[in-house]
Structures are given as C-alpha cells and as structure tokens.
Amino acid sequence: MAAGGGSGMAQGWMWTQHLHGKEGTMRVTCFIRYQIDPFQKEGFLKYAENWGRIIPRCGGNLVGYFLPHEGTSDIAWGLIAFESLAAYEAYRARLRSDAEAQANFAMAEKMRLILREERTFLETVEETFCVRAQSIRRG
C-alpha cells in the first residue's frame, strides 16, 4: 500500500494530477538504480516498502520502487520527484535526522541487500509526463 492510503492505478493517476496541479510540477526526478542481491529480493521489498512511509514524510514525492520481475534479476529502481535540486538537498538533510530512515539504511547494510547504487537526476519534459493511453477502438 502506498503512503497516504489507498493503492493501485486510480491512486497513481490522482497523484499524477497533483504533480501537474497548482502546487507546481515536479521538475527533477531522482532515478536510483540498485544492483541488488537477487537472493535477497524479499529483503529489498521490505526496504522499499519502508521508504513508502519515510520518503513522503521527509519531503520527497515518491513515484515508486520497482523490483526485478522478468529478465535481469539483480536490478531494481527507486524514483523520487522534486520541484528542484534545492528541494532534494533539503529532503536529504531531513533523511539524515529521521530515525526510521537511518534504521532502514542500517538494515539494508546489515543484510547486504544493495551491492551497488547509482543516482541520476533527470529533468521532466512536461508535455510527455504522465500522458494517459488513448482509448483504442477495435473493429
């Protein structure tokens, strides 16, 4: 279940409407690429679920965590959106003082869930962000 209650596609679409709303569009997304131990997938799932509570509380707009499903078995992703790099830096400062965040980092380290982590910051192309599929007419 995602932070803020509810789950599924409807909640995701409502969240994307928020991103395009009066509060301002999220301009920067942090893509975190994890190389994980494929035999620790359940542990990484718990790690990711914990971030579902922590990230929003600390000021990040959690797009989601994504686990390997088919194909490569050791790559996972976390996507977090921010209004700016300055908002990201403020978020990181709050993470450093959040007890649950520190416990989550420590759990991942103790269990050796993450073999490698890379962060890339990408700018949103607003005209393409969260564009819904069009209805497909058959026959």
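Partly exposed describes a residue whose relative accessible area lies between two limits, with buried meaning under 20% and exposed over 50% (1.4 Å probe, protein chains only). The model discussed here is predicted, so local features need pLDDT of at least 70 and side-chain atom pairs count only at pLDDT 80 or more, while totals for chains, interfaces and linings use all residues. Residues are numbered from 1 along each chain as its sequence is written, and side-chain values use heavy atoms, with hydrogens and water left out.

**Salt bridges**

Side chains of opposite charge can pair when their charged atoms come close. With a salt bridge taken as a side-chain nitrogen of Lys or Arg within 4 Å of a carboxyl oxygen of Asp or Glu, the structure holds 6 of them; the table gives three, including their N to O distances.

| Salt bridge | N to O distance |
|---|---|
| E100 and R57 | 3.1 Å |
| E118 and R116 | 2.7 Å |
| R119 and E117 | 2.8 Å |

R119 counts as partly exposed because its relative accessible area is 30%, and its partner E117 is also partly exposed, at 33%. Elsewhere, salt bridges with shared partners join R53, R57, D98 and E100 into one network. In the pair formed by E118 and R116, E118 is partly exposed at 28% relative accessibility, and R116 is partly exposed at 45%.

The salt bridge between E100 and R57 links distant parts of the chain, since E100 lies in helix α4 (residues 99-111) and R57 in helix α2 (residues 41-57), 43 residues apart. Helices (H or I, at least four residues) and strands (E, at least two) are DSSP runs, numbered from the N terminus. E100 is partly exposed at 26% relative accessibility, and R57 is partly exposed at 45%.

**Helices α2 and α4**

The axes of α2 and α4, which are lines fitted to C-alpha atoms over the stretch in contact, with angles running from 0 to 180 degrees between N-to-C directions, come within 10 Å and cross at roughly 165°. The two helices are therefore roughly antiparallel to each other, a term for angles over 145 degrees.

**A nonpolar surface patch**

V63, F66 and W77 form a nonpolar patch on the surface, with about 250 Å² of accessible area together. Such a patch is made of residues with over 30% relative accessible area and no salt bridge, nonpolar side chains (Val, Leu, Ile, Met, Phe, Trp, Tyr) being joined within 5 Å. Within the patch, F66 belongs to strand β2 (residues 61-66) and counts as partly exposed because its relative accessibility is 41%.

Methods
Patch = residues over 30% accessible without salt bridge, like charges linked within 9 Å, V, L, I, M, F, W, Y side chains within 5 Å. Areas by Shrake-Rupley, 256 points an atom, 1.4 Å probe, with all protein chains shown as cover. Parallel < 35°, antiparallel > 145°, perpendicular 65-115°, else oblique.
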